[in-house]
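Subject: Structure for your attention

Dear colleague,

I am passing on the structure we spoke of, and below it I set out what was found. Please keep it open beside this message as you read.

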Amino acid sequence: MKKLLIGISVLATGCTNLSTDLKLVTEGSEISELKVFRESAFQNGAISMYVGESDKYFLRLSSGQHGSVKMNSGVHTIQAKADASPSSSIEIELKPNETTCLKGSPNKAALGAVVIPIIGNMVPSFVLTEIECPTDQAEEANGSRNS
């Protein structure tokens with residue numbers, strides 16, 4: 001019975017895919033850049049972190065990678081998640097012609113949930129925090145992935 005419940009919970013959450021039809025910039029709008037840096041960490045190191053908005057994901061990052069996208073300026077609620085996990089979110093304001101940076105880190109609260117898989121499907125795997133954007137040299141040293 002326990003195995004059946006675990007199987008159902010994993011199937012119900014599904015997998016995350018990048019949205020191919022997502023339009024982040026609209027004509028006539030002011031544009032901003034969003035950079036997301038994924039922390040290199042052992043926890044969640046083997047799984048991808050998906051970053052998006054409104055349950056549509058536009059970046060997929062491995063441990064230690066970063067990516068960037070151009071978006072309309074304004075207030076956005078950005079989400080981060082792993083396959084088969086709920087998302088966490090952060091509200092940010094993207095200012096016109098400026099770059100905003102976020103860091104994605106493993107959710108320390110999810111570490112304890114690994115022992116009980118059903119609880120693990122209720123705790124976000126990643127959390128986002130706004131950070132000061134690093135210099136270009138620091139980005140190159142950490143590796144990158146542009147989108």
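How many disulfides does the structure hold? There is one, and I come back to its two cysteines below; please bear in mind throughout that this is a predicted model.

To begin with the overall layout, the protein chain has four helices and eight strands, and from the N terminus on these elements follow one another as α-β-β-β-β-β-β-β-α-α-β-α. Of the 147 residues in the chain, 39% are buried. Among contacts between residues at least 6 apart in sequence, 69% join residues that are at least 24 apart.

The strands and their sheets

One open sheet consists of four strands in the order β4-β1-β7-β8, with mixed pairing. Because β4 (66-72) and β8 (126-131) each have a single partner strand, they stand at the edges, and one side of each is left without a neighbour in the sheet. From one strand to the next, the twist in this sheet averages 25°. Within the sheet, strand β1 (residues 31-38) pairs with strand β7 (residues 99-106) in the parallel sense over six bridges, whereas β1 and β4 run antiparallel and are joined by seven bridges. Although β4 is an edge strand, it is mostly covered, with six of its seven residues buried.

Another open sheet, also of four strands, has the order β3-β2-β5-β6, and its pairing is antiparallel. Here β3 and β6 are the edge strands, each pairing on one side only, and the twist averages 30° from one strand to the next. Strands β2 and β3 run antiparallel and are joined by five bridges; within β3, Y57 is the bridge partner of G52.

V36 and the nonpolar core

V36 is a useful residue to look at in the viewer, since it can be followed from one strand to another: it stands opposite L102 in β7, and its bridge partner in β4 is G67. Once its neighbours within four places in sequence are left aside, V36 is in contact with M49, V51, L59, L61, Q65, H66, G67, L102 and L128. The largest nonpolar core has 19 residues, and of these L34, V36, F58, M71, I78 and L102 touch the most other members. The elements that contribute two or more residues to this core are β1, β2 (49-53), β3 (56-61), β4, β5 (74-81), β6 (88-94) and β8.

The disulfide

Which cysteines form the disulfide? They are C101 and C133, and their sulfur atoms lie 1.9 Å apart. The link is right-handed, with 110° about the S-S bond. It joins distant parts of the chain, as C101 belongs to strand β7 and C133 to the loop between β8 and α4 (136-142), 32 residues apart. In general terms, a disulfide is a covalent bond between the sulfur atoms of two cysteines. As for exposure, C101 counts as buried because its relative accessibility is 1%, whereas C133, with a relative accessible area of 30%, is partly exposed.

The salt bridges

A search of the whole structure finds two salt bridges. In one of them the side chains of E33 and K70 meet at 4.0 Å, N to O, and this pair links distant parts of the chain, with E33 in strand β1 and K70 in strand β4, 37 residues apart. Is E33 buried or exposed? With 17% relative accessibility, E33 counts as buried, while K70 is partly exposed, its relative accessible area being 48%.

In the other, the side chains of E39 and K103 meet at 3.7 Å, N to O. E39 lies in the loop between β1 and β2 and K103 in strand β7, so this pair ties together parts that are 64 residues apart in sequence. E39 is partly exposed, with a relative accessible area of 26%, and K103 likewise counts as partly exposed, at 29% relative accessibility.

With best regards

Terms used
Residues are numbered from 1 along each chain as its sequence is written. This is a predicted model: local features need pLDDT of at least 70, side-chain atom pairs count only at pLDDT 80 or more; totals for chains, interfaces and linings use all residues. Side-chain values use heavy atoms; hydrogens and water are left out. Two strands pair if DSSP finds at least two bridges between them. Axes are lines fitted to C-alpha atoms, for helices over the stretch in contact, and angles run from 0 to 180 degrees between N-to-C directions. A disulfide is a pair of cysteine sulfur atoms within 2.5 Å. Buried means under 20% relative accessible area, exposed over 50%, partly exposed in between (1.4 Å probe, protein chains only). A nonpolar core is a set of buried Ala, Val, Leu, Ile, Met, Phe, Trp, Tyr and Cys residues joined through side-chain atoms within 4.5 Å. Contact means heavy atoms within 4.5 Å.
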